[in-house]
Amino acid sequence: MTGTYHSITDAQMMPRLIRLGPNLYGAVFTLMKLLPATYILRQADERGELGPDTVIVETTSGTFGLALAMQAALMRRRLILVSDPAIDANLYRRLTGLGARVEICPEPAAVGGFQEARLRRLAEIRAELPDTFCPEQYSNPDNPRSYGVVVEQLSHTLGTVDCVVGPVGSGGSMCGTVRGLREHTPHTRAIGVDSHHSVLFGQPDGPRGLRGMGNSLWPSNLDHSVFDEVHWCSPAEVYAHTRALHARHALFQGPTSGAAYLVALWYAERHPDEQCVVMLPDEGYRYQATVYDDAWLAENGHLLARDAPPAEPVTVEGPAQADECWTRMSWGRRSYDEVEGAVPRRSGTLTTRTPS
């Protein structure tokens, strides 16, 4: 059966539901960020926030920027993206090919790293232009709201969902999906997957090998009280399961999907009576020269870990105890400030600021 779509973004927004085990389904996205990017821009247009000369501006180093560039091209809108040196060359070419202007911040800020540096540059750009709109994926409530259609899809297709596992960056996909499901099934568990040296769930900020999840600042769309459990993963373990997802299920996804699959596979096997869903955010074409290249894995010390991935996470009582390996803790639907051992919050959250 084939469908007719108004645009490529409409065709690629919704996930395919693929059975990965007796009680595990993958919500497999081509590009998950198309969902919030398209929804945010359409809502802004309907509210009259996009005038004829409004320039869309945003800070991003990953797939949200690509989703915005695709939608902006279809809407014939100017787009300026502020990024950092971590952006890969292939993504840069796609963004500019779609007509986006991409600015690179060469140095990180002393506090908040590249994300803070990008926010400062974005604020300068907005001050220079007469009319701008920023989607603000980290703080815009339309981000989690956009996942209402995924909630409907899961409920209609699977019925009861007992557990959702997914990577956490902006907080939009997991918080929006789980809150929607809990309107009908309050028991639905949420397991967030983060990277070490990410501040999202209480670790101190530091250099992270994994892209697409984790953060150096707190996004206000992240509702900590949604989560029952948190797992922190290392690159070697994630890359191993990214490759396993491809080898076992022919799903060619990126490392954020591999991280979520690692945790979901472990959880589903230990809870055979629960129906589980794992969020698999985007395809792996950006990673053909890295995660999917054996020589690159070997050069970076990941080949052995790929061949013999760990079978169990280390369980800890608090974020301060988390080591560099795969680690889990019970979050218990608590607020950030209720969790002992979490790094004290700095003032403010990750949002887009316009200078006064």
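The largest pocket of this predicted model is lined by 43 residues, and S61, R211, G212, M213 and G214 are those that lie nearest its centre. Its volume is about 860 Å³. Helices contribute to this lining: α3 (63-75), α5 (113-128) and α8 (172-182) each supply at least two residues. Of the elements that line the largest pocket, α5 gives the most, with four residues.

From the pocket the description turns to the sheet. Eight strands form an open sheet with mixed pairing, in the order β1-β2-β10-β7-β8-β9-β12-β11. At its edges stand β1 (16-21) and β11 (314-315), each of which pairs on one side only. In general, the strands of a sheet pair through backbone hydrogen bonds, in either a parallel or an antiparallel manner. Within this sheet, β9 and β12 are antiparallel and are joined over four bridges. One residue pair illustrates the contact between strands: H231 has R328, in β12, as its bridge partner. Helix α9, which comprises residues 235-249, packs on the sheet and touches β1, β9 and β10 (276-280). The direction of α9 makes about 95° with that of β9.

Aromatic side chains provide a further view of the fold. A search of the whole structure finds seven aromatic pairs. One of them joins F201 and F227, with 5.2 Å from centre to centre and 80° between the planes. This pair is edge-to-face, because planes over 60 degrees apart are counted in that class. F201 and F227 both belong to the loop between β8 (189-195) and β9 (229-233), yet they are 26 residues apart, and the pair links distant parts of the chain.

Are these two rings buried or exposed? F201 has a relative accessible area of 0% and is therefore buried. F227 likewise has a relative accessible area of 0%, so it is buried.

F201 also pairs with W331: the ring centres are 5.1 Å apart and the planes stand at 85°, so this pair is edge-to-face. Here too the pair links distant parts of the chain, since F201 is in the loop between β8 and β9, while W331 is in the segment after β12 (327-330), 130 residues apart. W331 counts as buried because its relative accessibility is 0%. Through ring pairs, F201, F227 and W331 are linked into a cluster.

Technical notes. Residues numbered from 1 in each chain as written. Predicted model: local features only at pLDDT ≥ 70, side-chain atom pairs only at ≥ 80, totals over all residues. Heavy atoms only, no water. Phe/Tyr/Trp six-rings, centres within 6.5 Å; stacked < 30°, edge-to-face > 60°. Buried < 20%, exposed > 50% of the residue type's maximum accessible area, 1.4 Å probe, protein only. Pairing = 2+ DSSP bridges. Contact = heavy atoms within 4.5 Å. Axes fitted to C-alpha atoms, helices over the stretch in contact; angles between N-to-C directions. 1 Å grid on protein atoms, 1.4 Å probe; cavity = no way out; pocket = protein on both sides within 12 Å on 5 of 7 lines; lining within 4 Å. Points joined across faces, edges and corners; volume = space filled by probe spheres on them.
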